[in-house]
Amino acid sequence: MLKFLKKKPATEPAPATQEAPVHDEQRGDAATPPPLARPATRPAMTTPPAAPHAPPGPPADALPDHESVPARRSWRERLSGNGFARGLASLFTRNPVLDDAFLDELETCLITADMGVTGATELIEKLRKRVARREFADAGALLAALRAELVARLEPVQQPLVTAGHTPFVILMVGVNGVGKTTTIGKLAWRLRNEGRGVLLAAGDTFRAAAVEQLQSWGARHAVPVIAQGSGADAASVIFDALQTARARGIDVMIADTAGRLHTQTGLMDELAKIRRVLGKLDPQAPHEVLLVIDGTTGQNAIHQVRQFREAVGVTGLVVTKLDGTAKGGVVFALAREFGLPIRFVGLGETAGDLREFDAAAFVDGLLPTAPAGHA
Ligand SMILES: Nc1nc2c(ncn2[C@@H]2O[C@H](COP(=O)(O)OP(=O)(O)OP(=O)(O)O)[C@@H](O)[C@H]2O)c(=O)[nH]1
Ligand SMILES: [Mg+2]
């Protein structure tokens with residue numbers, strides 16, 4: 001729709017690639033990064049030119065105050081406000097009798113937590129048969145069986161992202177608007193840098209006015225260089241440029257941000273295919289990972305999003321964000337059941353330390369109550 005805004009006048013010279021200066025505020029918790037990832041003497045960044053008639057967008061996201069000391073809270077602490085966790089806690093703390101009515105309630109709880117009707121029904125039918133065979137002495141035993149079933153559904157998609165094997169390893173971050181792509185890039189960059197990997201970011205969201213500054217802000221905070229050309233530039237060209245730079249500098253991992261887009265925005269979806277083609281000119285195997293970011297509060301629409309992005313650009317891994325908030329959490333099970341795509345990370349908050357490698361058992365334990373009242 002606002003595509004004309006991206007067109008630059010023919011006379012306007014291509015914006016020079018800019019690179020944000022990096023600071024080393026995180027030295028306390030970061031492993032010493034390779035020298036190329038921490039250019040102390042790079043030219044100062046000039047403010048990226050704003051698109052002349054850029055649509056009003058949110059300001060560059062300020063990093064939360066507590067960001068300088070990344071939080072490291074437990075999964076349970078982070079997930080306790082989640083709809084799934086609250087629903088189950090209220091069911092089990094009522095000291096339930098294991099009858100059909102209770103199993104019906106449990107089923108409703110799983111469905112309303114976005115687990116999907118088929119997945120929830122399958123699971124409850126399995127438990128119902130075991131209840132009928134009197135396999136469970138009490139609600140505690142049923143809870144343990146529920147836990148085992150839930151973990152078994154997620155273990156196949158617990159496949160960590162391995163960035164060794166290609167240098168630079170190229171990650172393309174995609175997803176609909178506002179799901180947490182840029183924030184996830186910032187967190188992931190921090191994480192990789194702490195592991196001693198050289199990281200470079202590409203500001204490929206040239207559509208939203210404040211997107212470049214938002215990524216630069218994360219880069220500056222975590223001492224990671226950012227290649228940008230400002231709003232309105234051609235996303236594929238920024239990312240191509242960044243990959244050339246990453247190769248020249250021997251960077252280990254390059255992460256490219258992209259603009260949020262809906263499947264109905266054909267132009268923007270085509271842009272992803274173009275980014276793929278252009279990267280392929282430098283490295284036929286790039287991008288080595290296409291991470292689709294899903295907002296955990298989305299519900300069943302997440303299924304639709306995976307289908308669309310898989311078709312448009314190919315998706316090799318998922319990140320499910322915002323599971324700390326009002327998300328119901330069940331969408332993680334629905335995604336695992338429907339696609340079996342690796343869930344690489346989950347977002348359990350806004351700070352750098354809140355991006356966790358997906359851990360099926362920790363996730364399920366964070367959702368389930370510890371033990372039902374009155375039961376061992
Ligand atoms: N609570 C919580 N908030 C998150 C999480 N991940 C991202 N956010 C917040 O979600 C909002 C949107 O995040 P962005 O990273 O800007 O999302 P985006 O996908 O890049 O958005 P566009 O570029 O506009 O498409 C920000 O306020 C983030 O702080 C998370 O795991 N938990
Ligand atoms: Mg963004």
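This is a short dialogue on reading strand 7 and the surroundings of ligand 1 in a predicted model.

Reader: Let's begin with strand 7. Is strand 7 largely enclosed or open, and why?

Author: A useful habit is to count the neighbours of each residue: one with 20 or more other C-beta atoms within 10 Å of its own is called buried. Strand 7 covers residues 317-321, and 4 of these 5 residues are buried, so the rest of the structure largely encloses this strand.

Reader: Which way do strand 6 and strand 7 run, and how many bridges join them?

Author: For pairing, look for bridges between two strands. Strand 6, residues 289-295, runs parallel to strand 7, with 5 bridges between them. To find the pairing on your screen, look at Ile294, which lies opposite Val320 of strand 7.

Reader: And what joins strand 7 to strand 8?

Author: Here there are 3 bridges, and these two strands are parallel as well. Strand 8 spans residues 343-347, and its Phe345 is the bridge partner of Val319.

Reader: How does the chain cross from strand 7 to strand 8?

Author: Trace the path over the helix. Helix 11, residues 331-339, carries the chain across in a right-handed β-α-β crossover. Strand 6, helix 10 (residues 301-313) and strand 7 also form a right-handed β-α-β unit.

Reader: Now the ligand. Which residues are closest to ligand 1?

Author: Start with the shell, then ask what it is made of. Ligand 1 is surrounded by 22 residues, the closest being Gly180, Thr182, Thr183, Gly260 and Gly347. Helix 6, residues 181-194, gives the largest share, 3 residues. By class, the shell holds 11 polar, 8 charged and 3 nonpolar residues.

Conventions. Residues numbered from 1 in each chain as written. Chains lettered and ligands numbered in written order. Predicted model: local features only at pLDDT ≥ 70, side-chain atom pairs only at ≥ 80, totals over all residues. Buried ≥ 20, exposed ≤ 12 C-beta atoms within 10 Å, placed from the backbone. Helix = DSSP H or I, 4+ residues; strand = E, 2+ residues; numbered from the N terminus. Right-handed = clockwise from strand over helix to strand, strands pointing away. Near = placed C-beta within 6 Å. Nonpolar A, V, L, I, M, F, W, Y, C, P; charged D, E, K, R; others polar.
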